[in-house]
Amino acid sequence: TGFEWQVASHMIHEGMLKEGLSVARAIHDRYDASLRNPYNEIECSDHYARAMASYGAFISICGFEYHGPKGYIAFAPRLTPENFKAPFIAAEGWGTFSQKRDADTQTEHLKLHWGKLTLKQMAFVIPEGKTAATVKVTVNGTSVKSSHSVTATKLVVTLAEPAVVETGQEVTIKIQ
């Protein structure tokens, strides 16, 4: 299953969402809890680590990128980008990311549930044909200075000063 999960993850990452999810579904059906332990995908013996490659499919669906030392985090949801929510794990903490889109606004929201997260730069995907006229960033309700650039459909937001987000704090990016 490790190889199958890698193929599914790569398909999703390359935009073949339906095909990648079909592979994931086939693995899931094979290891259905009514048939056997769903947390024991057998490959080269019980509890073989390569089966944990299923996490790659999750990362691909989220379009998650992270570089702790650079303070960089990015999301590009490939499944329901107009109303998306998922957990994320960083070097020193974890939290949730959500994205909502309507006709003229896209809102990104990161909430840290445990630990800390240092942010200097964030990136998100905006719909084709849309531009980012204004981008407003708040950290725990306080507006912070930032700049932004757009290349193709990727919006990169750079904070004027690094922000350290701690347990219970939130970051909101409103794109219009």
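The lining of the largest cavity is nonpolar throughout: nine nonpolar residues, no polar ones and no charged ones. (Nonpolar here covers Ala, Val, Leu, Ile, Met, Phe, Trp, Tyr, Cys and Pro; Asp, Glu, Lys and Arg are charged, and the others, Gly among them, are polar.) Keep in mind that this is a predicted model, where local features need pLDDT of at least 70, side-chain atom pairs count only at pLDDT 80 or more, and totals for chains, interfaces and linings use all residues. Residues are numbered from 1 along each chain as its sequence is written, and side-chain values use heavy atoms, with hydrogens and water left out.

**The cavity**

- There is one cavity of 30 Å³ or more, and the volume of the largest is about 30 Å³.
- A cavity here is a set of points, on a 1 Å grid over the protein atoms alone, where a 1.4 Å probe fits but cannot get out; lining residues have an atom within 4 Å of a point.
- Points are joined across faces, edges and corners, and the volume is the space filled by probe spheres set on them.
- Its lining is made up of Tyr55, Phe58, Ile59, Cys62, Phe64, Phe75, Pro87, Phe88 and Ile89.
- Helix H3 (54-62) and strand S3 (83-89) each chip in at least two lining residues, with H3 giving the largest share, four residues.
- Helices (H or I, at least four residues) and strands (E, at least two) are DSSP runs, numbered from the N terminus.

**Salt bridges**

- The model has four salt bridges, each meaning a side-chain nitrogen of Lys or Arg within 4 Å of a carboxyl oxygen of Asp or Glu.
- Arg30 pairs with Glu4 at 2.7 Å, N to O. Arg30 sits in helix H2 (residues 17-30) and Glu4 in helix H1 (residues 2-13), so this bridge ties together parts 26 residues apart in sequence.
- Lys154 and Glu65 form another, at 4.0 Å, N to O. Here strand S9 (residues 154-166) holds Lys154 and strand S1 (residues 65-67) holds Glu65, so the linked parts are 89 residues apart in sequence.
- Lys111 meets Glu170 at 3.8 Å, N to O. With Lys111 in strand S5 (residues 106-125) and Glu170 in strand S10 (residues 170-175), the pair ties together parts 59 residues apart in sequence.

**Exposure of the paired residues**

- Arg30 is partly exposed at 33% relative accessibility, and so is Glu4 at 27% (buried is under 20% relative accessible area, exposed over 50%, partly exposed in between, with a 1.4 Å probe and protein chains only).
- Lys154 comes out partly exposed at 30%, and Glu65 is partly exposed at 36%.
- Lys111 is partly exposed at 27%, and Glu170 is partly exposed at 27%.

Conventions:
1 Å grid on protein atoms, 1.4 Å probe; cavity = no way out; pocket = protein on both sides within 12 Å on 5 of 7 lines; lining within 4 Å.
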